[in-house]
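Reader: Hi! Could you walk me through this one? I'd like to start with the aromatic rings.

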Amino acid sequence: MAEGIGEMMIKLPNGDREVKMRLTWVLYTPALGFMLILVGCIDDAGYWSMFGGGMCQIQTNDGMLIGNVPKSGGVYQVPHGPHVAAATVGVKRMTIRELHNCLGHIAPCAVKDLVSQGIVEGVILTDNDIDFVCHPCIIGKKHKHPVPKIHEGERAKEFGAEIHSDLGGPAQTETLGKRRYYMTFTANQFPWSEGYLLF
Ligand SMILES: [Zn+2]
């Protein structure tokens, strides 16, 4: 049973060199100890597969050879060194949302790209959902309204009828008296303010 879906880069042997190929719609199936690539999908992607002489040759539409996979044990397979098996140990399976949280709430599509392009290693994404609702992101994106430069509405009729108060702190730098919190009171009737250091 597939636990995830995504993209991955593979190296195709081609003589004494290797050609990188990006596979799309890759199903991650931990129970399967090998990777299966459907010949029909190679065809759909616009490439040609030819079998014969103990080899599977993959070519572009205009005949350029990009892969030469030898037959071994009755199947055409790409041998991998023991490092590949070792590399799969310790790989973490995460949803896009979980990795989004770990990476400081960056855009979900960026999370997906970081993994598919191999910039973030050691993670396999187990879903393809980039439209989830993240409450910390919603709260973080709320805009603060700017303080108006001109007084709006009617002023209070008499002094003390309306007092605006604000509590501030902790300030980055404490006062000589080691206080970091303050409180202000501003009368609405005319510009009068007092501030008090608290603690
Ligand atoms: Zn978020």
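Author: Happy to. Rings of Phe, Tyr and Trp (its six-membered ring) count as a pair if their centres lie within 6.5 Å, and planes over 60 degrees apart make the pair edge-to-face. Keep in mind that this is a predicted model.

Reader: Got it. How many aromatic pairs does the structure hold?

Author: There are three aromatic pairs. One of them is Phe159 with Trp192: the ring centres are 5.4 Å apart and the planes stand at 80°, so this pair is edge-to-face.

Reader: Where do Phe159 and Trp192 lie?

Author: Phe159 is in the loop between helix 5 (135-140) and strand 9 (163-168), while Trp192 belongs to strand 11 (residues 192-197), so the pair ties together parts that are 33 residues apart in sequence.

Reader: And what is the relative accessible area of Phe159? Of Trp192?

Author: Phe159 has 45%, which makes it partly exposed. Trp192 has 28% and is partly exposed too.

Reader: Nice. Which kind of pair do Phe185 and Tyr196 form?

Author: Phe185 and Tyr196 are edge-to-face, with 5.9 Å from centre to centre and 70° between the planes. Phe185 sits in strand 10 (residues 182-187) and Tyr196 in strand 11, so this pair ties together parts eleven residues apart in sequence. Phe185 is partly exposed at 28% relative accessibility, and Tyr196 is partly exposed at 42%.

Reader: Which residues form a nonpolar patch on the surface?

Author: Tyr196 turns up again there, together with Leu167, Leu198 and Phe199; the patch has about 420 Å² of accessible area. Leu198 is in the segment after strand 11 and is partly exposed, with a relative accessible area of 32%.

Reader: Switching topic: which residues are the protein donors of the zinc ion?

Author: They are His100 through NE2, His105 through ND1, and Cys134 and Cys137 through SG, lying 2.0 to 2.3 Å from the ion. Along the sequence the donor residues are spaced H-x4-H-x28-C-x2-C.

Reader: Why is the arrangement around the zinc ion tetrahedral?

Author: Four donors count as tetrahedral if all angles lie between 85 and 135 degrees. Here the four donor atoms subtend angles of 102 to 118° around the zinc ion, so the arrangement is tetrahedral. For comparison, the ideal angle for four tetrahedral donors is 109.5 degrees.

Reader: Where are His100 and Cys134 in the chain, and are they buried or exposed?

Author: His100 is in helix 3 (residues 96-102) and Cys134 in the loop between strand 8 (123-125) and helix 5; the pair links parts of the chain 34 residues apart. Both His100 and Cys134 are buried.

Reader: What about His105, where is it found?

Author: In the loop between helix 3 and helix 4 (108-116). His105 is partly exposed, with a relative accessible area of 30%. Its phi is near 65°, a positive value in a residue other than glycine.

Reader: What is the phi of Lys178?

Author: About 60°, so to speak on the positive side, although Lys178 is not a glycine. Lys178 is in the loop between strand 9 and strand 10 and counts as exposed at 60% relative accessibility.

Reader: Last one: which residues does a cis peptide bond join?

Author: Gly169 and Pro170, with omega about 0°. Pro170 lies in the loop between strand 9 and strand 10.

Definitions and conventions:
Residues numbered from 1 in each chain as written. Predicted model: local features only at pLDDT ≥ 70, side-chain atom pairs only at ≥ 80, totals over all residues. Heavy atoms only, no water. Phe/Tyr/Trp six-rings, centres within 6.5 Å; stacked < 30°, edge-to-face > 60°. Helix = DSSP H or I, 4+ residues; strand = E, 2+ residues; numbered from the N terminus. Buried < 20%, exposed > 50% of the residue type's maximum accessible area, 1.4 Å probe, protein only. Patch = residues over 30% accessible without salt bridge, like charges linked within 9 Å, V, L, I, M, F, W, Y side chains within 5 Å. Areas by Shrake-Rupley, 256 points an atom, 1.4 Å probe, with all protein chains shown as cover. Salt bridge = Lys/Arg side-chain N within 4 Å of Asp/Glu carboxyl O. Donors = N, O, S within 2.8 Å, 3.2 Å for Na, K, Ca; no water. Tetrahedral: all angles 85-135°; square planar, octahedral: opposite > 155°, others 65-115°.
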